[in-house]
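Student: Could you go through this structure with me? I'd like to know where the labels come from.

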Amino acid sequence: MKTGTALASLLLVASASAFAAAPPDYLFVNRSSEVLIDDATARALFGEIVSAKLARLYPTAKWGFAAQVEGGITPEKTCVVVARVMLLPRNQPTATKLLLFKPGKMATVFDAAPNASAAQCRDLAKRKLREANQAMVAALVPD
């Protein structure tokens, strides 16, 4: 009897951890300027907003996300950054790995920093993409 109970408990813990460990796998497209933000950083920032609740409301089989960060440093040494995150419907069938440009929701933020170096401009781009991601989640997932 003790062996059966222990085995059932072990299976319950293993299945719960398997569900908790696997975040939803959204199709994510990054179309950002490499000078401002690299693909790995954009994907990592996107990973911060993905949740099971988001996947329940917007299933991964029907929706995907796109991010775009553009801008740069003007001749007057002002860093200008625009970050945009879009919730896009997936093309059907989902095996195609394509998104349709018919945004369900879109969040855009922008900022400018005078007398900025290239490193400061990249930091600003990262902050603005994180802010756009947070705005997107606030619009999509009610508290």
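Tutor: Sure, let's take the labels one by one, keeping in mind that this is a predicted model.

Student: What is the protein built from, and how do the elements run?

Tutor: There are four helices and four strands. Starting at the N terminus, the order is α-β-α-α-β-β-β-α. Of its 143 residues, 30% are buried.

Student: Okay, what makes F46 and F65 count as buried?

Tutor: The cut-off for buried is under 20% relative accessible area. F46 comes in at 7%, so F46 passes. F65 has 0%, so F65 is buried too.

Student: And why is Y58 called buried?

Tutor: Same test: Y58 has 17% relative accessibility, which is under 20%, so Y58 counts as buried.

Student: What makes N115 exposed, then?

Tutor: Exposed means over 50%, and N115 has a relative accessible area of 64%, so that label fits. N115 sits in the loop between β4 (105-113) and α4 (118-140). Its phi is near 50 degrees, a positive value in a residue other than glycine.

Student: Where is K77, and what is its phi?

Tutor: K77 is in the loop between β2 (63-73) and β3 (79-89). Its phi is positive, about 65 degrees, and K77 isn't a glycine either.

Student: How do you know that the buried residues of α2 are on the same side?

Tutor: In α2, residues 39-47, the buried ones are A42, L45 and F46. They cover an arc of only 100 degrees around the axis, so they sit on the same side of α2. It helps to know that an α-helix has 3.6 residues a turn, so residues three or four places apart point the same way.

Student: What covers those buried residues of α2?

Tutor: The cover includes β1 (27-30), β2 and α4.

Student: What makes D38 a cap for α2?

Tutor: A side-chain oxygen of D38 lies 3.1 Å from the backbone nitrogen of A40, at the N-terminal end of α2. The limit for a polar contact is 3.5 Å, so 3.1 Å is within it.

Student: How many aromatic pairs are there, and why is the one between F46 and F65 called tilted?

Tutor: The whole structure has five aromatic pairs. For F46 and F65, the centres are 5.1 Å apart and the planes make 50 degrees. Ring centres must lie within 6.5 Å, and planes that are neither under 30 degrees nor over 60 apart count as tilted, so this pair is tilted. It links distant parts of the chain, with F46 in helix α2 and F65 in strand β2, 19 residues apart.

Student: And why is the pair of Y58 and W63 edge-to-face?

Tutor: Their centres are 5.9 Å apart, and the planes make 80 degrees. That angle is over 60, so the pair counts as edge-to-face.

Student: Which rings join into a cluster?

Tutor: Ring pairs link Y26, F28, F46 and F65. Y26 also has plenty to touch: leaving out residues up to four places away in sequence, its contacts include V50, L54, P59 and W63.

Student: What makes up the largest nonpolar core?

Tutor: That core has 31 residues, and those with the most contacts inside it are Y26, F65, V69, L129 and L140. At least two residues each come from α2, α3 (52-57), β2, β3, β4 and α4. The biggest share, seven residues, comes from α4. In soluble globular proteins, nonpolar side chains tend to be buried together.

Notes. Residues are numbered from 1 along each chain as its sequence is written. This is a predicted model: local features need pLDDT of at least 70, side-chain atom pairs count only at pLDDT 80 or more; totals for chains, interfaces and linings use all residues. Side-chain values use heavy atoms; hydrogens and water are left out. Buried means under 20% relative accessible area, exposed over 50%, partly exposed in between (1.4 Å probe, protein chains only). The arc is that of the directions from the helix axis to the C-beta atoms. Contact means heavy atoms within 4.5 Å. A polar contact is a pair of N or O atoms within 3.5 Å; within protein, one must be able to donate a hydrogen and the other to accept it, and residues adjacent in sequence count only if both atoms are side-chain atoms. Rings of Phe, Tyr and Trp (its six-membered ring) pair if their centres lie within 6.5 Å; planes under 30 degrees apart count as stacked, over 60 as edge-to-face and the rest as tilted. A nonpolar core is a set of buried Ala, Val, Leu, Ile, Met, Phe, Trp, Tyr and Cys residues joined through side-chain atoms within 4.5 Å.
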